[in-house]
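Trainee: I'd like to get to know this model before I set up any calculations. Could you take me through it, one question at a time?

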Amino acid sequence: MESVKLGLAGFGTVGSGLAAILEENGDWIERRIGRKLEIRTAVVRDLNKARAVNPGPDTEFTTDMTRLTTDPEIDIVVECMGGLETAYDLIRTALEAGKHVVTANKHLLAERGPELFSIARKSGKGLYYEASCAGGIPIVETLKSSLAGDRVLEMLGILNGTANYILSEMTTKGMDFGTALALAQDLGYAEADPTFDIEGFDTAHKLCVLSRLAFGVDYPLDRLPIQGITSVTPLDIQFAREFGYRVKLLAHARSVEGRIEAGVHPALVPYTYLLARVGGNYNAVRVVGNAVGPVMLHGQGAGDKPTGSAVLADILDIAKHMNRPGCEEAYRPDNTGFGNADLPEADILPPEEARSKYYFRFTVADRPGVMAAIAKSMADHSISIAQAVQKTDEDSEGVPVVFISHESRAKDVTDCIEPSTPWTSRFCLASASEFFKVST
Ligand SMILES: NC(=O)c1ccc[n+]([C@@H]2O[C@H](COP(=O)([O-])OP(=O)(O)OC[C@H]3O[C@@H](n4cnc5c(N)ncnc54)[C@H](OP(=O)(O)O)[C@@H]3O)[C@@H](O)[C@H]2O)c1
């Protein structure tokens, strides 16, 4: 049986996961598409490294990246090495050499997706990226195809398993942030340098990619408000619980009268919501379409086989059209979900104009009049208080005071908690629709 030949750039977690699934599900895949998939070449950095999966004697391991783009036998280049420059050069060269490309690289797509989509359009080849967002969850294809006829009103996602694991451990076991992070690193969920996960950048990369599919516009990464989870404390998690919420790192985007409001922030999610129940290193995405209503997808957002499964889905989609008379010629992959058209830049709602409910925590001296002073300052900034709680602690110099506001403007909140205000420390959470985001 004729086979479709793959050239892999990278044979780490994702590449070896893909190879393992091909080994395990080979017969099933043949039944699905009527042909075999074969890894012809795998490019790695270190040829002496022990590999968890052996794809067989027919696979050549090499450090020579040009093999992927110059070998006429390779039909699909699979970029699963990560990074920016080398990955960009590889994908561009592969597309220009007439190869379809599948990538898991959300960082590259967020930064330089529009350039690559333009190259792919000119070459008439597929640039597929299901694995780039939320690992094994089929959110890219859902937005591109299943919900293509809906106008997306709002999208909320828990898109980083490491951050979600840390917040889950803090919630269920009362750990502080540092202890939960160290545990995530011990278990291999967090990198030695976890910055991208805990500072929200990885979530932001995915939000950029998904926003294009959901809203048909490009929201530039450098304009996206991004806040990580490093300032979330066990105290906030405890207060959140008392108010009936769970703290989650959310990617959020919605259409507000034709403008896009988007951002990444820790948020208070009502505990009755499915998103609040997404625990451990799982991911979830909630999309609200104007026709379908809310749709929620949940699953493993990372890991060798879940991510390999998403890569494989893209490969199968391409492979079933390939080298079939009359089929390949007619096959025009739609990479952007909008007929491969260049997407216009989003009309962005300035983040300071966004409105939401807020949670404020201040640490204050336990003296009469402090609550009233804070309440007055909030009123002066047009922030109306819905709930307030003060805890007393005779052994401590400062006591926590928490306010929950009605819907307020982000700029008023920022002005209210600016560093010149007299309270010793300040922390606040805000909501988009019924969800709360955090800002410090
Ligand atoms: N891990 C996940 O769960 C996951 C989920 C979704 C998306 N992704 C994305 O998938 C991509 C790969 O992630 P991963 O976790 O599989 O990474 P990884 O385990 O670190 O593997 C990277 C692979 O690429 C090779 N490589 C890296 N730079 C190279 C270069 N310049 N030249 C040749 N080979 C190079 C490495 O070679 P050596 O083996 O010789 O070092 C390794 O085989 C990234 O874009 C990541 O964001 C990962």
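Strands, helices and charges

Trainee: Over how many bridges do strand β1 and strand β2 pair?
Mentor: Strand β1 covers residues 3-9 and strand β2 residues 36-43. Helices (H or I, at least four residues) and strands (E, at least two) are DSSP runs numbered from the N terminus, and two strands pair if DSSP finds at least two bridges between them. For β1 and β2 the pairing is parallel, with a bridge count of seven.

Trainee: Before we go on, what pLDDT do local features need here?
Mentor: Residues are numbered from 1 along each chain as its sequence is written, and side-chain values use heavy atoms, leaving out hydrogens and water. This is a predicted model: totals for chains, interfaces and linings use all residues, side-chain atom pairs count only at pLDDT 80 or more, and local features need pLDDT of at least 70.

Trainee: Back to β2: what angle does the direction of helix α3, which packs on the sheet, make with that of β4?
Mentor: Within the sheet, leucine 8 stands opposite alanine 42 in β2. Helix α3 (residues 85-96) packs on this sheet and touches β1, β4 (76-79), β5 (100-103) and β6, where contact means heavy atoms within 4.5 Å. Axes are lines fitted to C-alpha atoms, for helices over the stretch in contact, and angles run from 0 to 180 degrees between N-to-C directions. For α3 and β4 the angle is about 170°.

Trainee: Which strands stand at the edges of that six-stranded sheet?
Mentor: The sheet is open and its pairing is parallel, in the order β3-β2-β1-β4-β5-β6. Two strands have a single partner each, so one side of each is left without a neighbour: these are β3 (60-62) and β6 (127-128).

Trainee: And in the five-stranded sheet, what is the average twist from one strand to the next?
Mentor: This open sheet is antiparallel, with the order β9-β8-β7-β10-β11. Its edges are β9 and β11 (293-300), each with a single partner strand, so each has one side without a neighbour in the sheet. From one strand to the next, the twist averages 15°.

Trainee: What angle does the direction of α6 make with that of β8?
Mentor: On one side of this sheet's order, strand β10 (residues 282-289) pairs with β11 over eight bridges in the antiparallel sense, and glycine 289 has glycine 293 in β11 as its bridge partner. Helix α6 packs on the sheet, touching β7 (152-158), β8 and β10. The angle between α6 and β8 is about 140°.

Trainee: Is glutamate 169 of α6 buried or exposed?
Mentor: Glutamate 169 lies in helix α6 (residues 161-173). Buried means under 20% relative accessible area, exposed over 50% and partly exposed in between (1.4 Å probe, protein chains only). At 7% relative accessibility, glutamate 169 counts as buried.

Trainee: How far apart are arginine 112 and glutamate 85 along the chain?
Mentor: A salt bridge is a side-chain nitrogen of Lys or Arg within 4 Å of a carboxyl oxygen of Asp or Glu, and the count comes to 25. In one of them, arginine 112 and glutamate 85 have their closest N and O atoms 3.5 Å apart. Arginine 112 sits in helix α4 (residues 106-123) and glutamate 85 in helix α3, so the pair links distant parts of the chain, with a separation of 27 residues.

Trainee: Which salt-bridge partner of glutamate 261 is buried?
Mentor: Glutamate 261 is itself buried, with a relative accessible area of 4%. Its closest N and O atoms with the partner are 3.0 Å apart. That partner has a relative accessible area of 17% and is also buried: arginine 254.

Trainee: About how many helical turns separate aspartate 380 and lysine 376?
Mentor: Their side chains meet in a salt bridge (2.9 Å, N to O), and both residues are exposed. They are four residues apart in helix α12 (residues 370-380), so the separation is about one helical turn.

Trainee: Last one: where does glutamate 257, with its positive phi, lie?
Mentor: Phi of glutamate 257 is near 50°, positive although the residue is not glycine. At 80% relative accessibility, glutamate 257 counts as exposed. Its place is the loop between β8 (245-256) and β9 (259-270).
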